[in-house]
Amino acid sequence: MAVTLHVCITCRAGQTLPEDEPTPGARLRDAILEAGVPEGVNLVPVECLSACSQGCSVALSAPGRWSYVYGRLSHANARDVIAGAAAYAAAADGIVPWRSRPEVFRKQSLARIPPIVSLPEAAE
């Protein structure tokens with residue numbers, strides 16, 4: 001089952017940037033690509049994760065697993081994001097033991113979202 005690593009590429013991390021300069025979010029995505037996306041992880045750039053006041057943000061998700069949103073990141077955190085994504089991919093339920101998470105994932109978690117559960121259709 002593939003894991004999705006969403007990276008907000010429109011994030012400006014509170015900075016005013018010239019139009020031709022890449023955003024901090026795009027630089028984070030590029031640094032992750034350069035360092036190497038882990039096996040079983042799909043990197044998907046997104047326009048916005050609605051964590052604008054929290055700097056650059058990423059989200060990890062997979063069917064049947066808990067999902068996470070992390071913020072206050074920069075391109076300097078690319079290797080930690082990769083390590084966290086690899087640990088998440090190895091966790092059957094998406095819950096990586098706290099001590100096994102990279103420090104930025106322990107301290108900069110913005111949200112933990114339960115797995116989506118299919119509900120039986122209502123009886124008519």
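Helix α1 lies across the strands β1, β2, β3 and β4, and its direction is at about 145° to that of β1. The model is a predicted one, and the points below take up the open sheet of five strands and then helix α2, whose buried residues pack against strands and helices alike.

**The sheet**
- The five strands form an open sheet in the order β2-β1-β3-β4-β5, and their pairing is mixed.
- At the edges of this sheet stand β2 and β5 (109–113), each of which pairs on one side only.
- Direction ignored, neighbouring strands of the sheet are turned by 15° against each other on average.
- Strands β4 and β5 run antiparallel and are joined by four bridges, and Tyr70 stands opposite Ser109 in β5.

**Helix α2**
- Helix α2 (residues 78–90) has 13 residues, which at 1.5 Å a residue should span 18 Å, and this agrees with the 19 Å between its end C-alpha atoms.
- The buried residues of α2 are Ala78, Val81, Ile82, Gly84, Ala85 and Tyr88.
- Seen down the axis of α2, these buried residues fall within an arc of 165°, and therefore they line one face of the helix.
- An α-helix has 3.6 residues a turn, so residues three or four places apart point the same way.
- Arg79 and Ala90, on the other side of α2, are exposed.

**What α2 packs against**
- The buried residues of α2 pack against the strands β1 (3–8), β2 (41–46), β3 (56–61) and β4 (67–73), and also against the helices α1 (24–35) and α3 (103–107).

Terms used. Residues numbered from 1 in each chain as written. Predicted model: local features only at pLDDT ≥ 70, side-chain atom pairs only at ≥ 80, totals over all residues. Heavy atoms only, no water. Helix = DSSP H or I, 4+ residues; strand = E, 2+ residues; numbered from the N terminus. Expected span 1.5 Å × (residues − 1). Buried < 20%, exposed > 50% of the residue type's maximum accessible area, 1.4 Å probe, protein only. Arc of directions from axis to C-beta. Contact = heavy atoms within 4.5 Å. Pairing = 2+ DSSP bridges. Axes fitted to C-alpha atoms, helices over the stretch in contact; angles between N-to-C directions.
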